[in-house]
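The following exercises concern a pair of chains and a strand pairing. Each task is followed by a solution in steps.

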2 protein chains.
Amino acid sequence: MDPGPIVEMVTRCAGAGAQAIDINSGPLSRHPEEKMTFLVEAVQSATPLPLLLDNSNPEALEAGLRACKKTPIINGFSLEPRKISAILPLAKKYHADIIGYLLYPNSQVPVGEEDCIQVALDLFDAFKKAGLDNEQLIIDPVVAPVLWENGIHHNRSILSVIRLLPELLGFPVRTIAGISNLATGSLPPETKQKLECAYLPMMAAAGLSMALVDIFHRETLKTARICHSFLHPGVFSWAEI
Amino acid sequence: MDPGPIVEMVTRCAGAGAQAIDINSGPLSRHPEEKMTFLVEAVQSATPLPLLLDNSNPEALEAGLRACKKTPIINGFSLEPRKISAILPLAKKYHADIIGYLLYPNSQVPVGEEDCIQVALDLFDAFKKAGLDNEQLIIDPVVAPVLWENGIHHNRSILSVIRLLPELLGFPVRTIAGISNLATGSLPPETKQKLECAYLPMMAAAGLSMALVDIFHRETLKTARICHSFLHPGVFSWAEI
């Protein structure tokens with residue numbers, strides 16, 4: 001319960017160019033509410049950046065939500081019944097944006113474009129039934145490790161899914177993807193880096209709104225900045241890349 | 001007229017992993033036909049790879065075509081009247097695939113998606129009038145240097161153009177892009193490399209069929225291989241990347 005290391009890490013993240021901080025507490029087996037409150041307060045003492053809260057325990061998540069000065073993004077829900085019954089209502093209660101994962105109710109990854117799209121429709125249905133506004137939804141199509149049997153096939157499919165989602169749901173739904181998942185497992189560091197740097201622009205070109213990245217992966221971050229410069233009109237300097 | 005340096009260069013290109021060789025002779029002011037024949041023969045003596053012939057002089061180009069053992073790709077034509085009248089018929093005569101550049105008749109680059117698409121339709125019209133088969137066409141949307149005033153805007157537009165072309169023309173038209181154009185001009189080498197490595201996957205995700213790259217840009221080549229692995233089903237090893 002020492003905020004020092006957290007403050008130091010968050011300060012480094014902010015200094016490296018993070019635009020938001022994802023607090024993934026892991027399972028907090030003892031005093032989860034108190035610990036989540038501590039985490040949020042420690043992070044907020046170091047940065048005014050917006051937060052994402054990732055905790056599958058609804059009570060701990062709510063404690064985190066209460067501790068936030070600015071409404072965070074809830075990260076997130078899925079078709080898992082416990083998530084629909086206990087996490088989704090928190091987005092309604094706290095007027096928070098919420099990330100929905102394209103996963104089956106048993107948390108398995110759907111493989112192939114059609115299955116992903118069916119899950120997206122089911123997810124949107126649950127989201128609307130919870131009384132939330134379209135603008136609160138952010139969809140995470142769940143990047144798979146390339147070393148998984150169907151990992152590459154899945155990651156190819158979700159490029160189309162990201163592109164199709166706005167038309168499918170009838171509004172410009174935002175999307176987010178955890179880029180580090182891609183290179184999970186036993187691969188040389190250089191291959192991991194190249195994988196992130198090649199896949200991120202493909203997702204960006206497909207219309208990805210946000211990327212969850214390791215902010216200390218310098219090459220990935222540079223790639224993200226170049227993609228942003230390419231895809232969003234604005235004034236910038238190549239020197240900043 | 002010494003084939004030595006050409007043989008050496010082509011051998012290095014093939015060794016670095018080239019899948020085809022683009023022979024861009026530049027303007028051959030004296031004895032253009034003889035020189036083009038010499039170039040093609042020198043390259044063919046070093047490699048069995050398929051060739052692309054880039055020469056705006058129809059006589060020199062035809063000499064090159066005659067010297068080719070395997071039918072090359074003609075690189076290429078545009079709406080420039082001289083190209084339509086003298087280059088396009090060579091594709092018919094030699095049953096060669098031909099690259100069509102999305103450029104105005106005065107060789108200016110169209111800016112914006114709509115203008116590019118209009119040029120593509122005009123180009124396809126000229127192509128069909130020359131009696132060629134759809135399968136012979138490869139479209140080059142012309143990557144612009146990012147340092148040009150509208151360079152980034154144009155390069156963003158052509159991502160959509162590449163994606164839309166097959167539906168627009170009614171068949172799976174192939175596309176090619178010269179990636180090195182992107183970083184032409186005064187930019188730090190590291191920025192040039194990052195630009196190529198970020199833009200190529202965006203084009204690949206949009207459906208680009210072929211990339212014309214500097215085969216000695218190792219990072220760009222690795223990126224191209226990763227994109228290929230992602231986008232085309234098949235068996236491969238990460239160790240080859």
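A residue is called buried when its relative accessible area is under 20%. The model to which this cut-off is applied is predicted.

**Exercise 1.** Determine how many residues of strand β3 of chain A are buried, and describe how this strand is joined to β2(A).

*Solution.* Step 1: locate strand β3 of chain A at residues 73–77. Step 2: apply the cut-off of under 20%; 5 of the 5 residues of β3(A) are buried, and the strand is thus mostly covered. Step 3: turn to strand β2 of chain A, residues 51–54, which runs parallel to β3(A) and is joined to it by 2 bridges. Step 4: within this pairing, Leu53(A) lies opposite Ile74(A) of β3(A).

**Exercise 2.** Characterise the extent of the contact between chain B and chain A.

*Solution.* Step 1: count the participants; chain A contributes 31 residues and chain B contributes 31 residues. Step 2: consider the area; about 2800 Å² is buried between the two chains, and carbon and sulfur atoms give 72% of this.

**Exercise 3.** Identify the polar links across the interface, and state which helices of chain B supply the side that touches chain A.

*Solution.* Step 1: the interface holds 4 salt bridges. One of the salt bridges joins the side chains of Lys222(B) and Glu190(A), at 2.3 Å from N to O. Step 2: there are 8 residue pairs in polar contact between chain B and chain A. Step 3: on chain B, α7 (151–169), α8 (189–206) and α9 (218–231) each supply at least two residues of the side touching chain A. Step 4: α8(B) gives the most, with 10 residues. Step 5: by class, this side of chain B comprises 20 nonpolar, 5 polar and 6 charged residues.

Conventions. Residues are numbered from 1 along each chain as its sequence is written. Chains are lettered from A and ligands numbered from 1 in the order in which they are written. This is a predicted model: local features need pLDDT of at least 70, side-chain atom pairs count only at pLDDT 80 or more; totals for chains, interfaces and linings use all residues. Side-chain values use heavy atoms; hydrogens and water are left out. Contact means heavy atoms within 4.5 Å. Buried area is the accessible area (1.4 Å probe) that two parts lose on being put together, summed over both. A polar contact is a pair of N or O atoms within 3.5 Å; within protein, one must be able to donate a hydrogen and the other to accept it, and residues adjacent in sequence count only if both atoms are side-chain atoms. Helices (H or I, at least four residues) and strands (E, at least two) are DSSP runs, numbered from the N terminus. Ala, Val, Leu, Ile, Met, Phe, Trp, Tyr, Cys and Pro count as nonpolar, Asp, Glu, Lys and Arg as charged, and the others, Gly among them, as polar. Buried means under 20% relative accessible area, exposed over 50%, partly exposed in between (1.4 Å probe, protein chains only). Two strands pair if DSSP finds at least two bridges between them.
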